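Work through the exercises below with the sequence and the coordinates at hand. Each task is followed by a stepwise solution.

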Amino acid sequence: PYATIDCATKDDFLFIKKAAEFYRKMSWVPAENPPEVDEEGYSEYILLNFANAPVCEIGKYIEDRDGGGAYYVGDDEKSCSGYGLFVNAWMPLPERYREGE
């Protein structure tokens, strides 16, 4: 679970640090731990994994006024569970591609 990494330069250290942060960010999160939502109760778009389907979908989490919430595919108004899809994990989407970066 632990590793020692020797870096010859500060640039090497910053590269390793950035790679570790990216790896941590791009890990699956159990659905019981929903993403943060904005003041209106909407998360950013996320990648959804389903316990009972072989595909992943882009969607979001919407929190209701009672503090509960549900996962939705795309901009659909019906929740995933309303379609019989059970989200078991989610992860943030990667950064958008920008040519030249």
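Three exercises follow, on a salt bridge, a charged patch and a nonpolar core.

The model is predicted: local features need pLDDT of at least 70, side-chain atom pairs count only at pLDDT 80 or more, and totals for chains, interfaces and linings use all residues. Residues are numbered from 1 along each chain as its sequence is written, and side-chain values use heavy atoms, with hydrogens and water left out.

**Exercise 1.** Find how many salt bridges the structure holds (a side-chain nitrogen of Lys or Arg within 4 Å of a carboxyl oxygen of Asp or Glu), and place the partners.

Step 1. There is one salt bridge.
Step 2. The partners are D75 and K60, with the closest N and O atoms 3.0 Å apart.
Step 3. K60 belongs to strand β3 (residues 56–63) and D75 to the loop between β4 (69–73) and β5 (87–92), so the bridge ties together parts 15 residues apart in sequence.
Step 4. With buried meaning under 20% relative accessible area, exposed over 50% and partly exposed in between (1.4 Å probe, protein chains only), K60 is buried at 9%, whereas D75 is exposed at 57%.

**Exercise 2.** Locate E40 and state its exposure.

Step 1. E40 sits in the loop between β1 (29–30) and β2 (46–50).
Step 2. Its relative accessibility is 60%, so E40 counts as exposed.

**Exercise 3.** List the residues of the largest nonpolar core (buried Ala, Val, Leu, Ile, Met, Phe, Trp, Tyr and Cys joined through side-chain atoms within 4.5 Å).

Step 1. The nine residues are A31, I46, L48, F50, Y61, Y71, C80, V87 and W90.
Step 2. At least two of these come from each of β2 and β5.
Step 3. β2 gives the most, with three residues.

Conventions. Helices (H or I, at least four residues) and strands (E, at least two) are DSSP runs, numbered from the N terminus.
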